[in-house]
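Q: Please take a close look at one part of this structure, the aromatic pairs. Explain how they sit in the chain as a whole.

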Amino acid sequence: MDTKTWLIVGASRGIGLEFVRLILASGHRVVATARGSGSALDAIARDAPDRVTLLTCDVSSSQGITSFIDQFVQSGVKKIHYAVINAGILEYPNRALDMTFDHFAQHLLTNAVGPIIVAQKLLKLSDVSIDTIAFMSSDSGSTQRFLAFEDGFAAYAASKAALNQALRHLAEELRRKQRHTVILALHPGEVATDMGMIETSWDLDGGQISPEESVIRMMDVIRSKGIDQSGTFWTWENKEYPW
C-alpha cells in the first residue's frame, strides 16, 4: 500500500477526530493538532505512536499559528499528501441584531482568518510539499444559496463566506505561480457532533449524519480532486456546491 500522510488541523473532537481515526484505520499516517491535550486524541496517538504526530495549534491566535508552524518544522515532516483545516467554532445563537463585536470577531478569526493564515504559512515552507488543502466550510457560507431559515447563524455564515472567498483567491494565486497544490472547500453535511448539537426552530433536511459517514465520504471527495478542480466547493456527497 502507498502510505499517505494527512494533516488534520483541529482534531480534538467531532469531524477532526473522526478523520484521525479513519486515516489510521486505513493504514496511513497523520499529523493532528488540537489547542491543548485531549483524552480521545491522546489515546489514539498512544495506540499508534509510529503513525501519529500530535502538535498544538490555536488558529484564533497569531502566536498560536506561529507556534504550530515552528512545531511542524521541528517534526521533520516534508510531505503532506492531504491537509484538512477543520478548526472552527459555532457559538449559537449569533444573530446580526444581537451579537457583540467580540462574538462576531471570534467567529471570523477562528473560522476564516486563522485557517487561511495556517495554509499560507504552510505553503511558504520551501522544503515542504503539499498536494491538497481542504478547508472545512459550510452550506451556511454560500451567498448564492442563502439559507434564510437559519435564524441565529449570522456570524457563523459570514465567517464561512469569508473563508470561501479567501480560499478562492488562494487557489488563483497559486495557479498564477504555477504551483500545483489543490485548494478545496468542503460542506460536511449536517453532522451529529458536539458543535452541531443545537436546538433550532427548523427541521434539518434529511436529518443528521454520523461523523463517520461524513468523513468517509469527504475523504473520497478530497482524494478525487486534481488541479483542474482547485478553488471549488464540494459537499460530502461529492456534489459541487454554489458559492
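A: The chain comes before the aromatic rings here.

This is a predicted model. The protein chain holds six helices and seven strands. Along the sequence they run β-α-β-α-β-α-β-α-β-α-β-α-β. The radius of gyration is 17 Å. A compact globule of 243 residues would have a value near 18 Å, so the chain agrees with that expectation. Along the principal axes, the C-alpha trace spans about 45 × 40 × 35 Å.

Now the inside and the surface. Of the 243 residues, 49% count as buried. The accessible surface comes to about 11700 Å², and carbon and sulfur atoms account for 48% of that area. Take the contacts between residues at least 6 apart in sequence: 66% of them join residues at least 24 apart.

On to the rings. The whole structure contains seven aromatic pairs. One of them is W6 with Y82. Their ring centres lie 4.6 Å apart. The planes meet at 40°, so this pair is tilted; stacked would need an angle under 30 degrees, and edge-to-face one over 60.

Where do W6 and Y82 lie in the chain? W6 belongs to strand 1, residues 5–9, and Y82 to strand 4, residues 79–85. The two positions are 76 residues apart in sequence, so the pair ties together distant parts of the chain. Both W6 and Y82 are buried. A third ring joins them: W6, F19 and Y82 form one aromatic cluster.

Y92 and F153 make another aromatic pair. Here the distance is 5.5 Å centre to centre, with 55° between the planes. This pair, too, is tilted. Y92 sits in the loop between strand 4 and helix 4, the latter covering 101–123. F153 sits in the loop between strand 5 (129–136) and helix 5 (154–176). These parts are 61 residues apart in sequence, so the pair links one loop to another.

Are Y92 and F153 buried or exposed? Y92 has 26% relative accessibility and counts as partly exposed, because buried means under 20% and exposed means over 50%. F153 has a relative accessible area of 8%, so F153 is buried.

One last item concerns charge. The chain carries 23 positive and 28 negative charges. Their mean positions are 8 Å apart.

In short, W6 and Y82 tie strand 1 to strand 4, while Y92 and F153 tie together two loops.

How values were computed: Residues numbered from 1 in each chain as written. Predicted model: local features only at pLDDT ≥ 70, side-chain atom pairs only at ≥ 80, totals over all residues. Heavy atoms only, no water. Helix = DSSP H or I, 4+ residues; strand = E, 2+ residues; numbered from the N terminus. Rg over C-alpha atoms; globule rule 2.2 N^0.38 Å. Buried < 20%, exposed > 50% of the residue type's maximum accessible area, 1.4 Å probe, protein only. Contact = heavy atoms within 4.5 Å. Areas by Shrake-Rupley, 256 points an atom, 1.4 Å probe, with all protein chains shown as cover. Lys, Arg positive; Asp, Glu negative; His and termini not counted. Charge placed at Lys NZ, Arg CZ, Asp CG, Glu CD. Phe/Tyr/Trp six-rings, centres within 6.5 Å; stacked < 30°, edge-to-face > 60°.
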